[in-house]
Amino acid sequence: MIYKSQTISNWDKLPVALDLHTVALIFDVTDATIKNWIYKGTLKGSKVGGKWFFDKDYIRSYIAGECKAVMQ
């Protein structure tokens, strides 16, 4: 898990599936904001066992502007 005091400087060190809190740190927003983006269709995630996970490559592509909003 990545904590608020840590910065993400190397994508290769991150796991393939990112949890909600890690994605919130990447975007520098709260966990609630990420959930809102999921429900609005702005961001794509998968809920497994009651927790949200995100594909690392998808998040990288989204940041690079290669992915568009997802409609649910």
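Contact here means heavy atoms within 4.5 Å. The legends below describe a predicted model.

**Figure 1. Overview of the chain, with three helices and three strands.** Along the sequence, the elements of this predicted model follow the pattern β-α-α-β-β-α. Of the 72 residues in the chain, 28% are buried. The accessible surface amounts to about 5000 Å², and carbon and sulfur atoms account for 52% of this surface. Contacts between residues at least 6 apart in sequence include 42% that join residues at least 24 apart.

**Figure 2. Close-up of the cover over helix α1.** The buried residues of α1 are covered by elements that include β1, α2, β3 and α3 (56-63). Six of the eight residues of α1 are buried, so this helix is largely enclosed by the rest of the structure. The buried positions are L20, T22, V23, A24, L25 and I26. Directly after α1 comes D28, which has a positive phi near 55°.

**Figure 3. Close-up of the packing of helix α1 against helix α2.** The axes of α1 (residues 20-27) and α2 (residues 31-40) come within 8 Å and cross at roughly 100°. Because of this crossing angle, α1 is roughly perpendicular to α2. From α1, the contact is made by L20, H21, V23, A24 and F27, while α2 contributes D31, I34, K35, W37 and I38. Seven of the residues in this contact are nonpolar, one is polar and two are charged.

**Figure 4. Close-up of the open three-stranded sheet.** The strands are arranged in the order β1-β3-β2, and their pairing is antiparallel. Strands β1 (17-19) and β2 (46-48) lie at the edges with a single partner strand each, so one side of each has no neighbour in the sheet. On average, neighbouring strands are turned by 45° against each other, direction ignored. Helix α1 packs on this sheet and touches β1 and β3. The direction of α1 makes about 85° with that of β1.

**Figure 5. Close-up of strand β3 and its two pairings.** Three bridges connect β3 (residues 51-55) to β2 in an antiparallel arrangement. Across this pairing, V48 has K51 as its bridge partner, and K47 stands opposite W52. The hairpin of β2 and β3 has two residues between the strands, and G49 adopts a positive phi near 60° in this hairpin. Three bridges also join β3 to β1, again with the strands antiparallel. In that pairing, L18 stands opposite F54. The covered face of β3 presents W52 and F54, whereas K51, F53 and D55 belong to the uncovered face.

**Figure 6. Close-up of the surroundings of L20 in helix α1.** L20 has a relative accessibility of 10% and therefore counts as buried, the limit for this class being under 20%. Leaving aside residues up to four places away in sequence, L20 touches D31, I34, K35, I38, W52 and F54. Among these, D31, I34, K35 and I38 also take part in the contact of α2 with α1, and W52 and F54 form the covered face of β3. L20 and F54 are 34 residues apart along the chain, and their C-alpha atoms are separated by 7.4 Å.

Key: Residues are numbered from 1 along each chain as its sequence is written. This is a predicted model: local features need pLDDT of at least 70, side-chain atom pairs count only at pLDDT 80 or more; totals for chains, interfaces and linings use all residues. Side-chain values use heavy atoms; hydrogens and water are left out. Axes are lines fitted to C-alpha atoms, for helices over the stretch in contact, and angles run from 0 to 180 degrees between N-to-C directions. Helices (H or I, at least four residues) and strands (E, at least two) are DSSP runs, numbered from the N terminus. Angles under 35 degrees count as roughly parallel, over 145 as roughly antiparallel, 65 to 115 as roughly perpendicular and the rest as oblique. Ala, Val, Leu, Ile, Met, Phe, Trp, Tyr, Cys and Pro count as nonpolar, Asp, Glu, Lys and Arg as charged, and the others, Gly among them, as polar. Buried means under 20% relative accessible area, exposed over 50%, partly exposed in between (1.4 Å probe, protein chains only). Accessible areas come from the Shrake-Rupley method with a 1.4 Å probe; for residues, only the protein chains shown count as cover. Two strands pair if DSSP finds at least two bridges between them.
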